[in-house]
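Dear colleague,

I am passing on the structure below for your files. My notes on it follow.

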Amino acid sequence: MSEFLKLLENLFSIKTWEVIWPAILETLMMTTVSTVLMGVLGLLVGTVLLVTRPDGLQPKRVFNALFGAVVDALRSLPSMVIIILTLPLAKLIIGRSWGPGAVMIALALTCTPMFARMVESGFLDVSRGKVEAAKSVGARNWEIMLKVILPESLPSLVRSFTIAVIALISVTAIAGWFGAGGLGDVAVRYGYNRFLTHMMIAAVLALIVIVVLVQVCGEAIARGIVRKRRL
Amino acid sequence: MSEAFIQVRNLNKAYIGRGQTVEVLKDVSLDIDRGDIFGIVGSSGAGKSTFLRCLNRLEEPDSGEVRIDGSVITGLSHKELLAFRRKFGMIFQQFNLLDARSVARNVEFSLTVARQAKEQRQQRVNEILDLVGLTDRRDFYPGQLSGGQRQRVGIARALANEPKVLLSDEATSALDPETALSILDLIKAINRKFGLTIIVVTHQLEVIKYLCRHVAVLENGRIVEQGSTREVLTNPQSHTMQVFVEVNASLTGGFLQGGEGI
C-alpha cells in the first residue's frame with residue numbers, strides 16, 4: 001500500500017511534470033504539423049484514387065491499379081520501417097534526416113496511405129445519383145469533386161480524419177528514436193530504460209487525455225455537420 | 001418525313017460484364033415532337049432508364065444517333081456536351097438532392113455551373129422556387145422536406161437553366177398517390193406554360209394515362225409499340241402493354257365483380 005502511495009506521490013510531483021509537460025508540447029507540435037501534412041496529402045491521394053477508378057470521373061484503369069498497389073504496399077509496412085524509408089526524403093526537403101522537422105514529414109507519410117484509402121471510401125459512399133444529377137446540369141468534373149462529392153462526404157471525412165490523427169499520435173511514440181522527443185520518448189527513456197514506473201504512467205495518462213480529446217472533438221464536429229443538415 | 005424535334009436513330013447499347021454481354025437497347029428509333037409529353041413504358045430491366053440517359057449522354061450509346069433541334073448530340077466533344085446538357089433538365093426517382101445545401105442553394109447549383117452572375121442567380125432562384133411553390137422553404141435542408149417537396153426542389157433544379165427538354169426518370173414512383181398526383185400536375189403546368197418537351201420514363205400506367213400524349217413501349221431493349229396514348233391504351237398490341245392494361249382493369253373496374261376481397 002505504501003508503495004502505491006509513493007507511486008501516486010511521484011506521479012503528481014512537480015519534478016515528474018517538469019519532464020512530462022515539455023514532452024506533451026513536443027507531441028502536440030509534432031502531431032499538429034504532421035496532421036496538416038497528412039490531411040492535405042491524404043485528400044489529394046484519395047481524390048486521385050477515386051477519380052481514376054474504372055467507373056470514376058476520369059477513368060485511368062492501369063494507372064489506378066498501379067497507384068492503388070503502391071498505396072496499399074505502403075500501408076502494409078510497419079510505421080517504423082516507413083519512417084526509416086522516408087527520412088532520406090525529409091533530408092531532401094528540409095536538409096536534415098533527424099530531429100523534429102524530419103520526423104514530422106516521416107510521420108505524415110506513415111499515416112497518409114491509410115487516410116487516403118479512408119478518404120476514397122468516404123467519397124465512394126456519395127450516391128451515384130447525386131453525381132448523375134450534377135452531371136445532368138452540365139457540371140464539370142472539378143465542380144462535381146469540390147461542390148458535390150467533398151461536401152456530401154464531409155461528416156464521414158471528419159470521422160476518418162479523427163481516426164487517422166489518433167493513429168498518427170500513436171506513431172509519434174516511435175519518433176523519440178529519431179531525436180524528436182515527445183511523450184513516447186519519455187516513456188521509453190525514463191519508464192522503460194530507467195524503471196521509473198511513475199514516469200511511464202504519467203506519459204501514458206497524458207497520451208490518453210490527448211487521444212480522448214481528439215476523438216471527442218472529431219465526433220462533435222461530425223455530429224454538428226449532420227445536425228445542421230438535419231439528416 | 002418532316003424533321004421531328006428529337007430524333008433517335010438506331011440506338012444500340014450493351015453492357016459487358018463477366019463474360020456475358022447484355023444488350024440493353026436494340027436498334028431503338030424514335031421521333032418526339034416539340035412540346036410533347038412522351039412516355040416510355042416497360043417493365044423493369046426493359047432499358048427505359050438507359051434510353052433516357054442516352055439522350056443527354058449520361059450513358060454513351062455504342063452506336064446510333066440522337067439529334068435534338070437539328071444538333072447531333074452523339075457527335076459532341078466532352079466540352080460541348082457539358083454546355084448542351086444545360087438544355088436538358090432531369091429529375092429522378094430518388095430526387096438526388098445535395099444534403100449539404102439548402103433548398104435555394106440546390107437550385108443555385110445549376111446556375112453556378114452555367115456561370116451565371118450572382119444577382120442573376122438570386123433572382124432566378126426566387127422565380128423558380130415561386131414556380132414550384134417552395135418560396136417559404138428556401139433555407140430548409142433536403143433532410144427537412146417531405147418526398148413531394150424534395151421532388152419539387154428536383155424540378156426547380158432541373159428547370160433553373162431554362163432547358164428545352166425535361167427528362168423524368170420514374171419521378172413519381174417513390175411518392176404516395178396524392179403527392180404523385182400533385183407532382184404530375186406541376187409537370188403538366190410546366191409543359192403548358194413553357195412549351196417544354198417532356199420525356200417520362202415510368203412503369204406506372206396511371207402516369208401515362210394522366211400525363212402523356214404519346215407513348216412508346218420498350219420490351220427487352222426494343223420498341224415494340226408506339227403511338228398516341230389513346231391508341232395504345234385502347235388497343236394494346238404488345239405483351240407488356242396488354243398485361244399493364246389488364247392488371248389496371250382488374251384493379252379498378254373488375255374489382256367488384258371478381259375481386260378476392262368481396
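To begin with a loop residue: Asp69(B) has 15 C-beta neighbours inside 10 Å and therefore counts as partly exposed. Please keep in mind throughout that this is a predicted model. Asp69(B) sits in the loop between strand E4 (63-68) and strand E5 (71-72) of chain B. Its phi is near 55 degrees, a positive value in a residue that is not glycine. For background, most residues other than glycine have a negative phi.

Glu170(B) also has a positive phi, near 55 degrees, and is likewise a residue other than glycine. Glu170(B) belongs to the loop between strand E7 (165-169) and helix H6 (177-194) of chain B. Is Glu170(B) buried or exposed? With 20 C-beta neighbours inside 10 Å, Glu170(B) counts as buried, because 20 is where the buried class begins.

Next, the contact between the chains. Chain B gives 23 residues to it and chain A gives 19 residues. On the side of chain B that touches chain A, helix H2 (78-85), strand E6 (88-92) and helix H3 (103-113) of chain B each supply at least two residues. By type, that side of chain B consists of 12 nonpolar, 7 polar and 4 charged residues.

In chain A, helix H5 (residues 99-124) has 26 residues, which at 1.5 Å a residue should span 38 Å; the end C-alpha atoms are 38 Å apart, in agreement. H5(A) nevertheless bends by about 40 degrees at Thr112(A), and a proline, Pro113(A), follows within four residues. Of the 26 residues of H5(A), 19 are buried, so the helix is largely enclosed by the rest of the structure.

H5(A) also matters for the count of the nonpolar core. The largest such core has 116 residues, and those with the most contacts inside it are Leu107(A), Val107(B), Ala156(B) and Val200(B). H5(A) provides the largest share of this core, 14 residues. Setting aside neighbours within four places in sequence, Leu107(A) is in contact with Met30(A), Ser34(A), Leu168(A), Val171(A), Thr172(A) and Ala175(A). Another core, of 11 residues, lies apart from the largest one; Ala23(A), Val186(A), Ala187(A) and Tyr190(A) are among its members.

Helix H7 (residues 141-152) of chain A has 12 residues and reaches 15 Å from its first C-alpha to its last, close to the 16 Å expected at 1.5 Å a residue. Which residues of H7(A) are buried? They are Ile144(A), Lys147(A), Val148(A), Ile149(A) and Glu152(A). Seen down the axis of H7(A), the buried residues fall within an arc of 160 degrees, so they line one face of the helix. Trp142(A) and Leu146(A), on the other side of H7(A), are exposed. The cover over the buried residues of H7(A) includes H5 and helix H6 (128-136) of chain A, together with H3 of chain B.

Last, Leu154(A), which is found in helix H8 (residues 154-175) of chain A. Leu154(A) has 18 C-beta neighbours inside 10 Å and so counts as partly exposed. Leaving aside neighbours within four places in sequence, Leu154(A) is in contact with Ile225(A) and Ala100(B). Leu154(A) and Val204(A) are 50 residues apart in sequence, and their C-alpha atoms are 32 Å apart in space.

Regards

Methods: Residues are numbered from 1 along each chain as its sequence is written. Chains are lettered from A and ligands numbered from 1 in the order in which they are written. This is a predicted model: local features need pLDDT of at least 70, side-chain atom pairs count only at pLDDT 80 or more; totals for chains, interfaces and linings use all residues. Two residues are in contact if their C-beta atoms, placed from the backbone, lie within 7 Å. Ala, Val, Leu, Ile, Met, Phe, Trp, Tyr, Cys and Pro count as nonpolar, Asp, Glu, Lys and Arg as charged, and the others, Gly among them, as polar. The expected span of a helix is 1.5 Å times one less than its number of residues. The bend at a residue is the angle between axes fitted to the seven residues ending there and the seven starting there. A residue is buried if 20 or more other C-beta atoms lie within 10 Å of its own, exposed if 12 or fewer, and partly exposed in between; C-beta atoms are placed from the backbone. The arc is that of the directions from the helix axis to the C-beta atoms. A nonpolar core is a set of buried Ala, Val, Leu, Ile, Met, Phe, Trp, Tyr and Cys residues joined through C-beta atoms within 7 Å.
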